[in-house]
Amino acid sequence: MVITAHAAGKRASGGKLSNPDRLELYYYMRLARECDNAILRLYRQGKIVGGAYTGNGNEATAVGSAYALEKDDYLFPMHRDLGAQLVKGESLRNIFLQQLGRADSLTCGRDGTGHYADPSLRLYGNVSHLGAMIPMAVGVALAVKLRGEKAVVMNYIGDGGSNAGEFHEGLNMAAVMQLPFVLIIENNQFAYSTPVRMQYAAQKLSDRAAGYGIPGFTIDGTNVSLVFETCRKAVDRARRGEGPTLIESVTMRMHGHSASDDAAYVPAGMIDDWRKKDPIDRLEKILLADHVLDEESKKKMESDIAAGIDDAVARAVESGYPSGEDAGEGVYAP
Ligand SMILES: Cc1ncc(C[n+]2csc(CCOP(=O)(O)OP(=O)(O)O)c2C)c(N)n1
Ligand SMILES: [Mg+2]
């Protein structure tokens, strides 16, 4: 199965998902989940530097949204969006070097998790302070417009992060200046231990869009085709110069906030209920029924994914940490 031949820019022409597109979406969702599982294993082995955060349950949102982007578009992912980074072209090598804090990583071992940028892919990984990335990403959208580029900026925020003040400042500016910006709220029912009913009084987070004079949508974030189609329309609109769109993608955070959180505060049965809507299982059932996937090609894909991850992990484990002097370089102002 040749997945990588289906490169960015050749996807879903005419805004429609072909069978190879759907197979590729499935591949990236599985790849993201297996990367997350590998990160959790490394965390339990004491090899991860810092915390470990997974996007389990968020794969359709992360993968389906980034799939709507072209090569020259900008991606500003949050901590559940490994799938979006993979779609944008980030390598397993870079991902595991970064998670393991190695000198050869994109941050030269000076930071862990998703706090890194890969300018060669126009990918700018998450700013830890919730909300702070939105005005930054909007600033890039402004630069794109001033330079007359045709690129679009896609940015993500959690349900919790969407209540930070910068959400308003950023989105308002993007709307008033008609910037090529798409903001996706990943509503995964919790912000750490705080359930959504204690976070906002609105019925839907997309209702906020009306206050900015922009389109807003609330969608089932476990349906990857729907996520893609909604995001593609928003991306096309942004590229035409018609301004931003707000998309609330409704999912469930299937793991604790991080690997150190057992999520004991999640009501009994809630995880089991959401597991019935697992985004990967949902697409798998459809692809099997449509004969786009069969058991043999599924097994081959699984073993290819496992081999790719094992290789990237082994190579990252073998590579060195930065020296003490180098680890602090650029971290503190002189
Ligand atoms: C301004 C700010 N406050 C608090 C934190 C600590 N913190 C990091 S992630 C998080 C929860 C975020 O919840 P949400 O935005 O819903 O995203 P999720 O983790 O659920 O995907 C908190 C409180 C932070 N990073 N920045
Ligand atoms: Mg959340």
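Strand β4 is mostly covered in this predicted model: of its 6 residues, 5 are buried. Two strands pair with β4. With β1 the pairing is parallel and runs over 3 bridges. Here leucine 75 stands opposite methionine 154 of β4. With β5 the pairing is also in the parallel sense, over 6 bridges. In that ladder, isoleucine 157 has isoleucine 185 of β5 as its bridge partner. A helix joins the picture too: β4, α6 and β5 form a right-handed β-α-β unit. In a regular strand, side chains alternate between the two faces of the sheet.

Now move to the metal. Which residues supply the protein donors of the magnesium ion (ligand 2)? They are Asp159 through OD, Asn188 through OD1 and Phe190 through O, at 2.0 to 2.3 Å from the ion. Along the sequence, the donor residues follow the spacing D-x28-N-x1-F. Aspartate 159 and asparagine 188 link distant parts of the chain, 29 residues apart. Aspartate 159 sits in the loop between β4 (153–158) and α6 (165–176). Asparagine 188 sits in the loop between β5 (181–187) and β6 (190–191).

Are these two donor residues buried or exposed? Aspartate 159 has 0% relative accessibility, so it counts as buried. Asparagine 188 has 9% and counts as buried as well, because the cut-off is under 20%.

Next, the rings. The model has 6 aromatic pairs. One of them joins tyrosine 67 and phenylalanine 228. The geometry is edge-to-face, with 5.9 Å centre to centre and 70 degrees between the planes. This pair also links distant parts of the chain, its members being 161 residues apart. Tyrosine 67 belongs to the loop between α2 (59–66) and β1 (74–76), while phenylalanine 228 lies in helix α8 (residues 224–239). Tyrosine 67 is buried, at a relative accessible area of 0%. Phenylalanine 228 is likewise buried, at 0%. Elsewhere, ring pairs connect Tyr74, Phe76 and Tyr124 into a cluster.

Charges meet rings as well. The charged end of arginine 208 sits over the ring of phenylalanine 167, 5.2 Å from the ring centre. Lysine 277 lies over the face of tryptophan 274, with 4.5 Å to the ring centre.

Return to β4 to connect the threads. The strand pairs with β5, and α6 completes the β-α-β unit with these two strands. The loop between β4 and α6 holds aspartate 159, one of the protein donors of the magnesium ion (ligand 2).

How values were computed: Residues are numbered from 1 along each chain as its sequence is written. Chains are lettered from A and ligands numbered from 1 in the order in which they are written. This is a predicted model: local features need pLDDT of at least 70, side-chain atom pairs count only at pLDDT 80 or more; totals for chains, interfaces and linings use all residues. Side-chain values use heavy atoms; hydrogens and water are left out. Donors are N, O and S atoms within 2.8 Å of the metal (3.2 Å for Na, K and Ca); water is not among the atoms, so sites may look incomplete. Helices (H or I, at least four residues) and strands (E, at least two) are DSSP runs, numbered from the N terminus. Buried means under 20% relative accessible area, exposed over 50%, partly exposed in between (1.4 Å probe, protein chains only). Rings of Phe, Tyr and Trp (its six-membered ring) pair if their centres lie within 6.5 Å; planes under 30 degrees apart count as stacked, over 60 as edge-to-face and the rest as tilted. A charge sits over a ring if NZ of Lys or CZ of Arg is within 6 Å of the ring centre and within 35 degrees of the ring normal. Two strands pair if DSSP finds at least two bridges between them. A crossover is right-handed if, with the strands pointing away from the viewer, the path from the first strand over the helix to the second runs clockwise.
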